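Me: I am new to this structure. Can you walk me through it with short questions and answers?

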Amino acid sequence: MTAPALVAPDGQTQPPRKRARRKLTFERASFMLVFLGLPLAIFVVFVIWPFVQAFYYSLTNWSGFTAKMDFIGVANYQRLLGDETFMTALRNNVALAIVVPLVTIVLALALATMVTVGGSKHGAVSGLRGSSFYRVVSFFPYTVPAIITGLLWAQMYDPSRGLLNGLLTGVGLSGFDSFPWLGDTRTAMPAVMFVIVWSFVGFYMVLFVAAIKGIPSELYDAARIDGAGRLRTAFSVTLPLIRENVQTAYIYLGILALDAFVYMQAMNPGGGPENSTLVMSQDLFTTAFSKGQFGVASAMGVTLAAMTLVFAALVFTVNRLTGGGQRGESR
């Protein structure tokens, strides 16, 4: 690229000057090697190369415990299409990716709005009284490791000794006496979804609180003057200005939902009744380490990775089609 032409005082146009290229000195070369080359090499070796290996293994009949493997092409993928157990796990993952991010973000946004701008309609814009207490309490579940959370809720859902059934029967709901929350096809998946949402809603509430606090209070004051109510303010002021944060949260929650191995394995190791809570990562683990079919398991892993990329691309596309990114382009 050349610099624009210059106009001399006498009105004559001078030819543009070419930018002088900097010489590649030892200092510049060493800087590029250490701060660009080394991180790139680490990324390729520990991130890209394992993906390439997994894709290659998915095209073989490798058992995982021998050096022998034969190239069989896409036979493993064709096998997955006819595997009813895997297709059930795939459908469960899709249901998780739709429900968990949506419910978590809606609840987190509602709570974040209440503790930041949901206070009195008069005076300065503020949150509810004691909002700091609500933030601490709601964030607490996120500090507990996922495996501990899953095991604790598995005990709470226990039909005979669980706290949930004890509370429900204690208030007179005798129909929940020894009710198998994780053993009934109608409630197994909703019960697990509730635990995942419960674990993450506090974290994303705090994330949205930080984003909302970055919005100038004058915008909320102007909305009040125009007569906008709380719901109208949330959709017209808060949500448009933090939509990039919402997009990021949705992608991370979707990736979590497409995996969900820890929660499912802790609460329903066998996949639940009629595989109603089985996810692809559980099926992958069983196929690889119990059945010794690492080629098929690698095909499952590649499918899961592809679904994750497609999910992220869909979120970006929807955000772009609905007006996202315009603020960044206009700056």
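Reply: Start with a term: helices here are DSSP runs of H or I, at least four residues long, numbered from the N terminus. The model is predicted. With that term, residues 294–318 are 100% helix and 0% strand. The C-alpha atoms at the two ends of this stretch lie 36 Å apart.

Me: Which residues does the UniProt annotation "transmembrane region" cover?
Reply: The annotation comes from an unreviewed UniProt entry. Residues 294–318, just described, are among those it covers. The full list is 29–52, 94–120, 132–154, 188–212, 249–266 and 294–318.

Me: How far apart are the end C-alpha atoms over residues 29–52?
Reply: This stretch is also in the UniProt list. The chain there is 100% helix and 0% strand. Its end C-alpha atoms are apart by 30 Å.

Me: Which element gives the most to the lining of the second largest pocket?
Reply: The pocket holds about 190 Å³ of space. Two or more lining residues come from each of α3 (84–117), α10 (243–259) and α13 (294–321). With 5 residues, the top contributor is α13.

Me: How do the residues of that lining divide into nonpolar, polar and charged?
Reply: The lining includes Val94, Tyr250, Met307 and Phe311. Tyr counts as nonpolar here, as do Val, Met and Phe. The division is 10 nonpolar, no polar and no charged.

Me: Is valine 94 buried, partly exposed or exposed?
Reply: Valine 94 sits in helix α3. Buried means under 20% relative accessible area, and exposed means over 50%. Valine 94 has 33% relative accessibility, so it counts as partly exposed.

Me: How far apart in space are valine 94 and methionine 307, C-alpha to C-alpha?
Reply: Both residues line the second largest pocket. In sequence they are 213 residues apart. In space, C-alpha to C-alpha, the distance is 9.2 Å.

Me: Which element supplies the largest share of the largest nonpolar core?
Reply: This core has 44 residues. Leu96, Tyr157, Ile196, Phe208, Ile242 and Met267 touch the most other members. At least two residues come from each of α3, α5 (146–156), α7 (188–213), α8 (217–225), α10 and α11 (261–267). The largest share, 15 residues, belongs to α7.

Me: Which residues does phenylalanine 208 touch, leaving out those up to four places away in sequence?
Reply: Contact needs heavy atoms within 4.5 Å. On that basis, phenylalanine 208 touches Ile105, Ala108, Leu109, Ala112, Ile242, Asn245, Val246 and Ala249.

Technical notes: Residues numbered from 1 in each chain as written. Predicted model: local features only at pLDDT ≥ 70, side-chain atom pairs only at ≥ 80, totals over all residues. Heavy atoms only, no water. UniProt positions renumbered as here; feature names shortened; annotations may be inferred. 1 Å grid on protein atoms, 1.4 Å probe; cavity = no way out; pocket = protein on both sides within 12 Å on 5 of 7 lines; lining within 4 Å. Points joined across faces, edges and corners; volume = space filled by probe spheres on them. Core = buried A, V, L, I, M, F, W, Y, C linked by side-chain atoms within 4.5 Å. Buried < 20%, exposed > 50% of the residue type's maximum accessible area, 1.4 Å probe, protein only.
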